[in-house]
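Q: Hey, I've just opened this one and don't know my way around yet. Can you walk me through it?

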Amino acid sequence: MADNKKNLTVELNRVEGDLELKLVVEGNRIVDARAVGRMYRGFEQILIGRHARDGLVITPRVCGICSTAHLYAAVTAIETAWQCPIGPNGTRVRNLCLMAEEVQSDARHSFLMFAIDFCNRRYRHHPLYPRIEEAFQVFKGRIYAETIRHTKQLLEIVALFGGQWPHSSYMIPGGVTTVRSRKELIRVQTILDSYLRWYEDSIIGCSSERWLALRTRDDFHAWLDEKQAHRDSAAGLFLRFGREAGLAGLGRGNDRLLSYGAWFEPEEWQPPFRKRPCRRRAGFVNGINGRVEEFVEEKIKEHIEYSWFARQSGSGPPAGNRTIPEFAPNSKRYSWAKAPRYDGQVVEMGALAELVVAGDPLMSSFFREQGATVWLRELARLHRPLLTLNHMREIVRTMLGPDFEQPFYLSPKTVYSGSGRGLIQAARGGLGHWVSFADNRITGYQIISPTTWNASPRDNLDRPGHWETTLINTEIADLENPVEIEHIIRSHDACLVCCVHFLDTGRKLSFGLGPTR
């Protein structure tokens, strides 16, 4: 290694302790990057031999942040295997709860996980720094405290249908276990109205109608200049500071975006499940001409060349793969995460990908101008809740009308052998469960979470994963305080607890890491 090259190890953990970045810097520029998932997730093995329905109880424990999403993916995998009809109101309830989880996750990511990096000492001389601290400082900031209070209230919606959040198990093949009264649906409506008022008053400083009229980047800048209330809102402050900090030019990936599509249409998502009727369409942005191509499930494959898994785990379509750990220190392998690829390509998952694929005009306008950057990923998470809240209010209105009489559950015919897949859109991107079973016992289970796509290691062709690609060539102003890295990784709302996880053996284990080339 040349004298001016250094190894830099950065631990990026805010919710949990599973992510480490091993970087090689030349001067102040990153010339090589490896994203290391440090803990093993054993859920796929835990499920082998269990009853086909056990995934509905076990897989929501994969992640305490996206447990509704895992439950939805797990029940969908069984339903596609059993080919069972689904009560339309069952799908509406599932969608409603998944949306509630997404909206609260967006606010918590923006104001509890990302914005607090604006309080880094790097920015203490910025003119907006005192106002940044007043709004976003950990535990003390006004917006920080408000976010905890209001997102907690929003999750009551999941608790009304599922009895608890997280780790509820109210989704079953054919629908949901609970039928709520109109009185309780009105309670849901009240919660949504309350959350929307807070979002309008504190986060965007205007009505949701005014914000949703923004369709281009010029519209956005005109909105920002329109009123002091817009500039002083949490979103106005957040986005103004972000641009002045250079985030609009930081962390650009390869602009290949993937979305599985969000929220099945209740009447149309029925056997034989050949099409994916979603409110937000699925698709792939190829990164070359910006066009949205049709999403094809069969193009998903995963690789283990640089992952700590035995070769018999298999590389290829996830339905045929297995998860067999094989820790190999001091080898070329360096992560417990696998390397999923779509049509052989490294892709980005997340809120921005979901909205650009869906054709959202505001996100598409900015994406055409600057590509996928840190700033735009954050704008997407401030923008998406307003779109989703509209869908949630529409669902409640529908259920309070004549559709209230539609079934919440249709009793399925149990099938004892088969295979299925559940691909849904979680808050952080596409989540996939693949299950196979025989004699009503699970024989194979594979999970690819959204962060696995973003945090993947190199694949069988030595191509770096998305984060690794994005970090290479980034300039770091201060190697002792590499806040640029924190901005880039956190702009993807990293959730390694979902990507890799630990297996409690009752023994304390210590794993070393292989050398960085």
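A: Sure, let's start at a pair of strands: phenylalanine 437 stands opposite isoleucine 442 in β15. Keep in mind that this is a predicted model.

Q: Okay, how do β14 and β15 pair, and over how many bridges?

A: They run antiparallel, with 7 bridges between them.

Q: And what sheet does β15 belong to?

A: An open sheet of 3 strands, in the order β13-β14-β15, with antiparallel pairing. The edge strands are β13 and β15 (441-448), each of which pairs on one side only. From one strand to the next, the twist averages 15 degrees.

Q: What holds strands like that to each other?

A: Strands of a sheet pair through backbone hydrogen bonds, in a parallel or an antiparallel way.

Q: What about β13 and β14, how many bridges there?

A: 9 bridges join β13 (residues 418-426) to β14 (residues 429-438), and the two run antiparallel. One pair to look for is serine 419 with its bridge partner in β14, serine 436. The link from β13 to β14 is a hairpin through 2 residues.

Q: Which helix lies across those strands?

A: That's α3 (residues 67-82), which lies across β13, β14 and β15 and runs at about 145 degrees to β13.

Q: Switching to helices: what span should α6 have, going by its residues?

A: It has 13 residues (142-154), so at 1.5 Å a residue it should span 18 Å. The end C-alpha atoms of α6 are 19 Å apart, which agrees.

Q: Which residues of α6 are buried?

A: Ile143, Tyr144, Glu146, Thr147, His150, Thr151 and Leu154. Seen down the axis of α6, these buried residues fall within an arc of 160 degrees, so they line one face of the helix.

Q: Why would residues a few places apart point the same way?

A: An α-helix has 3.6 residues a turn, so residues three or four places apart point the same way.

Q: What's exposed on the other side of α6, and what covers the buried residues?

A: Arg149 and Lys152 are exposed on the other side. The cover over the buried residues of α6 includes α4 (88-114), α5 (129-136), α7 (156-162), α8 (182-204) and α12 (234-244).

Q: New topic. Is glycine 283 buried or exposed?

A: Buried, with a relative accessible area of 0%. Glycine 283 sits in strand β9 (residues 283-285). Leaving out residues up to four places away in sequence, glycine 283 touches Leu257, Leu258, Ser259, Val292, Glu293, Phe295 and Val357.

Q: Where are the cis peptide bonds you'd point me to?

A: Try the one from tryptophan 165 to proline 166, with omega near 0 degrees; proline 166 lies in the loop between α7 and β4 (171-172). Another goes from proline 271 to proline 272, with omega near 10 degrees. Proline 272 is in the loop between β7 (262-264) and β8 (278-280).

Q: Which residue in β7 has a positive phi?

A: Tryptophan 263, at about 70 degrees, although it is not a glycine. Tryptophan 263 counts as buried because its relative accessibility is 4%, under the 20% cut-off.

Q: Last one: what's the mean pLDDT?

A: The protein chain has a mean of 92, and 94% of its residues reach 70 or more. pLDDT stays under 50 over residues 501-505, and also under 50 over residues 508-517.

Methods: Residues are numbered from 1 along each chain as its sequence is written. This is a predicted model: local features need pLDDT of at least 70, side-chain atom pairs count only at pLDDT 80 or more; totals for chains, interfaces and linings use all residues. Side-chain values use heavy atoms; hydrogens and water are left out. Helices (H or I, at least four residues) and strands (E, at least two) are DSSP runs, numbered from the N terminus. The expected span of a helix is 1.5 Å times one less than its number of residues. Buried means under 20% relative accessible area, exposed over 50%, partly exposed in between (1.4 Å probe, protein chains only). The arc is that of the directions from the helix axis to the C-beta atoms. Contact means heavy atoms within 4.5 Å. Two strands pair if DSSP finds at least two bridges between them. Axes are lines fitted to C-alpha atoms, for helices over the stretch in contact, and angles run from 0 to 180 degrees between N-to-C directions. pLDDT is the predictor's confidence in each residue, from 0 to 100.
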